[in-house]
Amino acid sequence: MTDLNESVVGRIYDRTDWGAPATPGGAQRDPARVVGMTVHHTTGNTLGNDDTVRWWHNIWRWHTGRNPSSPLTWSDIGYAYGIDRFGNLFVGRGRYRQLAHARGYNTTWLGVAYLGSGIQGHVTIDAKQTFVGLRNWLRDGGGMDNMSRLNGHRDIGSTACPGDHLYQWVSDGMPTPDTVGGGLMLPRQGDTGEVVEFWQRTLVRAGYPIDYSDPYDGNYGPATEAAVTKARQSFSSNVTPSVGRITPWTAMRLLERLGGEGAEGPRGPRGPKGDRGPKGERGPAGTDGKDADLTDYAIPIVQRDP
Ligand SMILES: [Zn+2]
């Protein structure tokens, strides 16, 4: 069994976390019927929009017609899940609902969207790690044992989605990024030992002091997490102020800042894993059943709720 929380780089946002009803819309479907994952991008300014929670919420408003400018009236957001550039995972319709992501593929293919443009330089390592983690979890404990195939939206519809870079990565079988994280040990809060000490020294040398009497004590406590958070925020994110771990993206940028020093990081085994999935996926079936086709509108991401 794979633990989704272990597989996702950032946080998991269940439906109520991003402002949707706990019960998703859409007709019920058996996850075992899903044969593959379809990757989408939402388009939009990936690098200039840190409020990805509102971004995802606004896509939901667009798809469901809650945004008065939208011509759509779907029963819920079209995708099963969304992933942002920080590696956060948003639960959309989840595993148990027919989707609205590509006409003819809404029952047997799982649509997962990248929040942003799938072009070179806009798809982060953290996002890719979370895509891979989600896929592994769905197949190993998530009830989608038959989900063996991958495609991009353009394979099954007339669209440029999910962008050239993301499409190529999906077509290559979602290889795990090897720039960093290929065996590199990335500790999390509560971890102890020389791996933690290595990163404590790396943080300080990269300009992120640890506010503690013995900064290299090998204990990943609140002071170390505060330094990690500062680094993470300076590199990109303010939407997830603390995730309690060093993410691959942060690790890569820290090592870059040292000019490659220490690139041979410590390695070691991971501990045992549990089996926790996202909440908010269950409930009575919805009433639509329309075979809607997602056209990846450029969602008006600057729009604010009234
Ligand atoms: Zn698409």
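In this predicted model, 6 strands form an open sheet in which the strand order is 1-4-3-5-2-6 and the pairing is mixed. The edges of the sheet are taken by strand 1 (12–13) and strand 6 (149–152), each of which pairs on one side only. The sheet belongs to a chain that holds 8 helices and 6 strands, and from the N terminus on these elements follow one another as α-β-β-α-β-β-β-α-β-α-α-α-α-α. Of the 306 residues in the chain, 45% are buried. Among the contacts with a separation of 6 or more, 76% are accounted for by residues that stand 24 or more positions apart in the chain.

Several of the pairings within the sheet can be followed residue by residue. Strand 3 (residues 81–83) and strand 5 (residues 109–114) run parallel and are joined by 3 bridges, with Gly82 standing opposite Ala113 of strand 5. Strand 5 also pairs with strand 2, again in the parallel sense, over 6 bridges; here His41 has Tyr114 of strand 5 as its bridge partner. Strand 2 in turn pairs with strand 6 in the parallel sense over 4 bridges, and Met37 is found opposite Leu150 of strand 6. Strand 2 is mostly covered, since 5 of its 6 residues are buried. Helix 5 (residues 164–171) lies across strand 2 (36–41), strand 5 and strand 6, and runs at about 165° to strand 6.

Helix 2 (residues 52–64) contains 13 residues and reaches 18 Å from its first C-alpha to its last, which is close to the 18 Å expected at 1.5 Å a residue. The buried residues of this helix are Thr52, Trp55, Trp56, Asn58, Ile59, Trp60, Arg61, Trp62 and His63. As general background to such lists, an α-helix has 3.6 residues a turn, so residues three or four places apart point the same way. What covers the buried residues of helix 2 includes two elements of the sheet, namely strand 3 and strand 4 (89–91). After helix 2 comes Gly65, whose phi is positive, near 80°.

Attention may then be turned to the packing between helices. Helix 3 (residues 125–139) and helix 8 (residues 248–257) pack with their axes 7 Å apart and at an angle of about 150°. Angles over 145 degrees count as roughly antiparallel, and helix 3 and helix 8 are therefore roughly antiparallel to each other. On the side of helix 3 the contact is made by Ile125, Asp126 and Gln129, while helix 8 contributes Pro248, Trp249 and Met252. When these residues are sorted by class, the contact of helix 3 with helix 8 has 4 nonpolar, 1 polar and 1 charged residues.

Helix 8 itself is mostly covered, as 7 of its 10 residues are buried. These buried residues are Pro248, Trp249, Thr250, Ala251, Met252, Leu254 and Leu255, so that Pro248, Trp249 and Met252 appear both in this list and in the contact with helix 3. The cover over the buried residues of helix 8 includes helix 3, helix 6 (194–205) and helix 7 (222–235). Helix 8 is followed by Gly259, a residue whose phi is positive, near 70°.

Terms used
Residues are numbered from 1 along each chain as its sequence is written. This is a predicted model: local features need pLDDT of at least 70, side-chain atom pairs count only at pLDDT 80 or more; totals for chains, interfaces and linings use all residues. Axes are lines fitted to C-alpha atoms, for helices over the stretch in contact, and angles run from 0 to 180 degrees between N-to-C directions. Angles under 35 degrees count as roughly parallel, over 145 as roughly antiparallel, 65 to 115 as roughly perpendicular and the rest as oblique. Two residues are in contact if their C-beta atoms, placed from the backbone, lie within 7 Å. Ala, Val, Leu, Ile, Met, Phe, Trp, Tyr, Cys and Pro count as nonpolar, Asp, Glu, Lys and Arg as charged, and the others, Gly among them, as polar. A residue is buried if 20 or more other C-beta atoms lie within 10 Å of its own, exposed if 12 or fewer, and partly exposed in between; C-beta atoms are placed from the backbone. Two strands pair if DSSP finds at least two bridges between them. The expected span of a helix is 1.5 Å times one less than its number of residues.
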